[in-house]
Amino acid sequence: MVKQDMKLIVDGKRLDGRRFDELREIKMSVGVLNRTNGSAYVEWGKNKILAGVHGPRELHPKYLRDPTKAVLTCTYNMAPFSVDERKKPGPDRRSVEISKVISEALGHVAVLEKYPNTGIDVFVEVLQADAGTRCASIVAASLAMANSGMPMRDMISACAAGKIDGEIVLDLMKEEDNFGECDLPVAISPRRKEIVLLQMDGKLTREEFKKAYRLAIDGAMRVYDMQKKTLIESMKIEE
Ligand code: CDP
């Protein structure tokens, strides 16, 4: 992360007017696609993310199968028009990394043993990106999986905290991510009290880390409540 001469905090407020512990506006919905087993759409600030789940289905070729559990694969993809400078279509190092961390996070809660020899595919399409897409993607993928009816031990939620202009703040947007000092994305399974993702880009002191970590978990808990509410609403039967 390169520190440049851009003030990110002016008169105690962030560039988009948020307080240090304030999330961006978040909207989420499930069951938005007809041809998937489960789907979700998440708008998180300027991020726009769609997730679809296929499976469990018989896995081919046979050598990929696991006789003890389903094989979960996540594919994170950024649309060429999702960022300021056109992104070259197709996978790159970053998308392979994010696909891996989302698969691992979801693998902690999906009851994969129930479906041996099958494959479950989770596709995440980033339509518009503005920092924090891995957290928003985890939230969307988790909602889509719940929407598919796949048994889960918990929902996964996520949020980042970080450091800008020497202050620890919640949920960095693009300018803060680009010109700030550190970004710390965290994903949690609250019921199981597990951290299922913890990455850090930049530097923090031990005290700053503790503060940012607590703030990120607090943000993820707020997002977790929204996820639960969204799922409950989606199951309400119209009279
Ligand atoms: O999105 P996230 O914060 O999880 O991951 P990142 O690798 O820290 O990327 C931060 C942001 O940089 C993304 O959300 C995009 O807004 C932006 N980005 C970009 O403009 N062009 C790319 N090829 C990749 C990322």
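**Exercise 1. Val-223 in its surroundings**

Decide whether Val-223 is buried or exposed, and then describe where Val-223 lies and which residues it touches.

Solution. Begin with the accessibility: Val-223 has a relative accessibility of 0%, and because a residue counts as buried when this value is under 20%, Val-223 is buried. Keep in mind throughout these exercises that the model is a predicted one. Next, place the residue: Val-223 belongs to helix H4, which covers residues 206-235. Then look for its partners, leaving out residues up to four places away in sequence: Val-223 touches Leu-23, Ile-26, Met-28, Trp-44, Val-139, Ser-157 and Ala-158. Finally, take a distance from Val-223 to Ser-234: the two residues are 11 places apart in sequence, and their C-alpha atoms are 17 Å apart in space.

**Exercise 2. The ligand and its shell**

Work out which residues surround the ligand, and find how much of its accessible area the protein covers.

Solution. First locate the ligand, which sits in the largest pocket. The elements that give two or more residues to the shell around the ligand are helix H2 (133-148) and helix H3 (174-179). The full set of surrounding residues consists of Met-78, Val-83, Arg-94, Ala-129, Asp-130, Ala-131, Gly-132, Thr-133, Arg-134, Lys-174 and Asp-177.

Now turn to individual atom pairs. An oxygen atom of the ligand lies 2.6 Å from an N or O atom in the side chain of Arg-94, and an oxygen atom of the ligand lies 2.8 Å from an N or O atom in the side chain of Arg-134. With Ala-131 the partner is a polar backbone atom, again with a ligand oxygen, at 2.8 Å. As a last step, consider the area: on its own the ligand has 510 Å² of accessible area, and the protein covers 78% of it.

**Exercise 3. Two buried residues with polar side-chain contacts**

For Asp-121, state which side chain it meets in a polar contact; for Ser-82, state which backbone oxygen its side chain reaches.

Solution. Start with Asp-121, which lies in strand E7 (residues 118-128). Asp-121 counts as buried because its relative accessibility is 13%. Its side chain makes a polar contact of 2.5 Å with the side chain of Arg-57. If residues up to four places away in sequence are not counted, Asp-121 touches Gly-52, Val-53, His-54, Arg-57 and Thr-73.

Continue with Ser-82, whose place is the loop between strand E6 (71-78) and helix H1 (93-107). Ser-82 has a relative accessibility of 3%, and so it counts as buried. The side chain of Ser-82 reaches the backbone oxygen of Ala-79 at 2.7 Å. Apart from neighbours within four places in sequence, Ser-82 is in contact with Val-126, Leu-127, Gln-128 and Ala-129.

**Exercise 4. Backbone angles**

Find what the peptide bonds from Gly-55 to Pro-56 and between His-60 and Pro-61 look like, and then examine phi at Asp-11 and at Lys-193.

Solution. Take the peptide bonds in turn. The bond from Gly-55 to Pro-56 is cis, with omega near 5°, and Pro-56 is part of strand E5 (residues 47-58). A cis peptide bond also joins His-60 and Pro-61, where omega is about -5°; Pro-61 lies in the loop between E5 and E6.

Now consider phi. Asp-11 is not a glycine, yet its phi is positive, at about 50°. Asp-11 lies in the loop between strand E1 (9-10) and strand E2 (13-14), and because its relative accessible area is 77%, Asp-11 is exposed. Lys-193 is likewise not a glycine and has a positive phi, of about 55°. Its place is the loop between strand E10 (182-189) and strand E11 (194-198), and Lys-193 counts as exposed because its relative accessibility is 77%.

**Exercise 5. Separation along the chain and in space**

Determine how many residues separate Asp-183 and Asp-201 along the chain, and what distance separates their C-alpha atoms.

Solution. Asp-183 is found in strand E10, and with a relative accessible area of 11% it is buried. Counting along the chain, Asp-183 and Asp-201 are 18 residues apart, while in space their C-alpha atoms are separated by 5.2 Å.

Methods
Residues numbered from 1 in each chain as written. Predicted model: local features only at pLDDT ≥ 70, side-chain atom pairs only at ≥ 80, totals over all residues. Heavy atoms only, no water. Helix = DSSP H or I, 4+ residues; strand = E, 2+ residues; numbered from the N terminus. Buried < 20%, exposed > 50% of the residue type's maximum accessible area, 1.4 Å probe, protein only. Contact = heavy atoms within 4.5 Å. Near = heavy atom within 4 Å. Polar contact = N/O pair within 3.5 Å; in protein donor to acceptor, adjacent residues only side chain to side chain. Areas by Shrake-Rupley, 256 points an atom, 1.4 Å probe, with all protein chains shown as cover. 1 Å grid on protein atoms, 1.4 Å probe; cavity = no way out; pocket = protein on both sides within 12 Å on 5 of 7 lines; lining within 4 Å. Sits in = over half its atoms within 2 Å of the grid points.
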